[in-house]
Amino acid sequence: MSSPRLCVLGPSGRMGAALVGAAAEAGLAVTAAVDRADAPSIGAKVGGVTVTAALADALAACDVYIDFTTPGATAAAARAATAARRAAVIGTTGLDADADAAVAALAEVAPVVVAANFSLGVNLLLGLARQAAAALDDGWDAEIVEAHHGRKVDAPSGTALALVAAVEAGRGRAAAHAHGRQGQVGARPRGEIGVHAVRGGDVVGEHTLTLFAAGERVELSHRATDRAIFARGAVRAAAWVVGRAPGRYDMQDVLGLR
Ligand code: NAD
């Protein structure tokens, strides 16, 4: 299908608004928009449709829904979409076990793209991190620092966790993770991966993986300055996912980077 009909969840949110803009930019029709029942956007028009709280009706009116909301909303939407066998693009981060299970059940019956970060640059960074970790042994100390705006509710970011997974995949084994350090933590164990979250201001998203060795270091960084990059990637994923076999996909699949 070349021009799928989109349903945007949370259109009053920062990402929801960016998604409506990115869909218009890509020439894709938003045919439904759903927000929580008490959201100020209920009844307003976005992208030519009226925002509603009626999830099942909205899913019936689209080919694929895009979800950047909250873990609870993501779980509820995935359950409704499982009944409707609707394709999905899911960008909500900090998913709990309930939301993870609901998304896994949806992926049994419909194609689903899930990514902690929909930007092209970050997905390239993940590939480079994996390559670097494969080339260097774990005597190179891996430390990840991420920065986001002060309203972000989960830490570390989903992208920082994806970087941890990329380093582990490159090394071919799991590592101990140190989330921040405080007190008498002792000398840094070989192979540990450090993860540190910085919060403040209006930072859209910054991630740096540093690999330290005696006498040298390698830094791989990505800085996002406009959340439109995530929305454009998600709209691209929506156009890609419709018509695929049921299953869970990520942006490496969408961008052909695997
Ligand atoms: P936000 O708080 O601005 O927006 C959240 C939206 O979800 C709001 O409109 C809210 O009304 C809506 N919502 C809440 N419950 C709902 C429900 N039951 N049904 C429908 N809508 C509901 O947050 P944001 O900054 O837009 O971020 C949203 C999520 O996206 C966060 O988890 C964030 O970490 C994630 N995010 C992911 C990426 C990525 O590339 N994967 C990029 C940026 C943000």
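**Close-up views of a predicted model**

**View 1. Strand S8 and its two neighbours.** Strand S8 and strand S11 (residues 205-213) run antiparallel and are joined by seven bridges, where two strands are said to pair if DSSP finds at least two bridges between them, and where strands (E, at least two residues) and helices (H or I, at least four residues) are DSSP runs numbered from the N terminus. The model is predicted, so local features need pLDDT of at least 70 and side-chain atom pairs count only at pLDDT 80 or more, whereas totals for chains, interfaces and linings use all residues. Residues are numbered from 1 along each chain as its sequence is written, and side-chain values use heavy atoms, with hydrogens and water left out. Within the antiparallel pair, Glu 146 has His 207 of S11 as its bridge partner. With strand S10 (residues 193-199), S8 pairs in the parallel sense, again over seven bridges, and here His 148 is matched with Arg 199 of S10. S8 itself, residues 141-148, is mostly covered, six of its eight residues being buried, that is, under 20% relative accessible area, with exposed meaning over 50% and partly exposed in between (1.4 Å probe, protein chains only).

**View 2. The five-stranded sheet.** Five strands form an open sheet of mixed pairing, in the order S9-S10-S8-S11-S12. Strand S9 (177-179) and strand S12 (216-224) stand at the edges with a single partner strand each, so one side of each has no neighbour in the sheet. From one strand to the next, the twist averages 15°, with axes taken as lines fitted to C-alpha atoms (for helices over the stretch in contact) and angles running from 0 to 180 degrees between N-to-C directions. Helix H5 packs on this sheet, touching S11 and S12, and its direction makes about 165° with that of S12; contact here means heavy atoms within 4.5 Å. At the S9 edge, S9 and S10 pair in the parallel sense over three bridges, and Ala 178 has Gly 194 of S10 as its bridge partner.

**View 3. Helix H5 against helix H6.** Helix H5 (residues 120-135) and helix H6 (residues 158-171) pack at an angle of about 35°, their axes being 7 Å apart. H5 passes H6 in a right-handed crossing, a crossing being right-handed if the near helix is turned clockwise from the far one by less than a right angle, and left-handed if anticlockwise. Residues of H5 in the contact include Val 122, Leu 125, Leu 126 and Ala 129, and those of H6 include Ala 162, Leu 163, Ala 166 and Val 167. By class, the contact has eleven nonpolar, two polar and two charged residues, where Ala, Val, Leu, Ile, Met, Phe, Trp, Tyr, Cys and Pro count as nonpolar, Asp, Glu, Lys and Arg as charged, and the others, Gly among them, as polar.

**View 4. The eight-stranded sheet and its helices.** The order of this open sheet of eight strands is S3-S4-S2-S1-S5-S6-S7-S13, with mixed pairing. S3 and strand S13 (247-249) stand at the edges, each with a single partner strand, so one side of each is left without a neighbour in the sheet. S5 pairs with strand S6 (residues 87-90) in the parallel sense over four bridges, and Ile 66 is matched with Val 89 of S6. Helix H1 packs on the sheet, touching S1, S2, S3 and S5, with its direction at about 160° to that of S1. Helix H7 also packs on the sheet, where its contacts are S1, S5, S6, strand S7 (111-114) and S13, and its direction makes about 160° with that of S6.

**View 5. Helix H1 and its cover.** The 13 residues of helix H1 (residues 14-26) should span 18 Å at 1.5 Å a residue, and the end C-alpha atoms are 19 Å apart, which agrees; the expected span is 1.5 Å times one less than the number of residues. Among the buried residues of H1 are Met 15, Leu 19 and Val 20, and what covers the buried residues includes strand S2 (30-34), strand S5 (64-67) and helix H7 (228-241). Gly 27, with a positive phi near 75°, follows H1.

**View 6. Backbone details in two loops.** In the loop between S8 and H6 lies Pro 156, and the peptide bond from Ala 155 to Pro 156 is cis, with omega near -5°. Arg 85, placed in the loop between helix H3 (71-84) and S6, has a positive phi near 50° although Arg 85 is a residue other than glycine, and counts as exposed at 56% relative accessibility.
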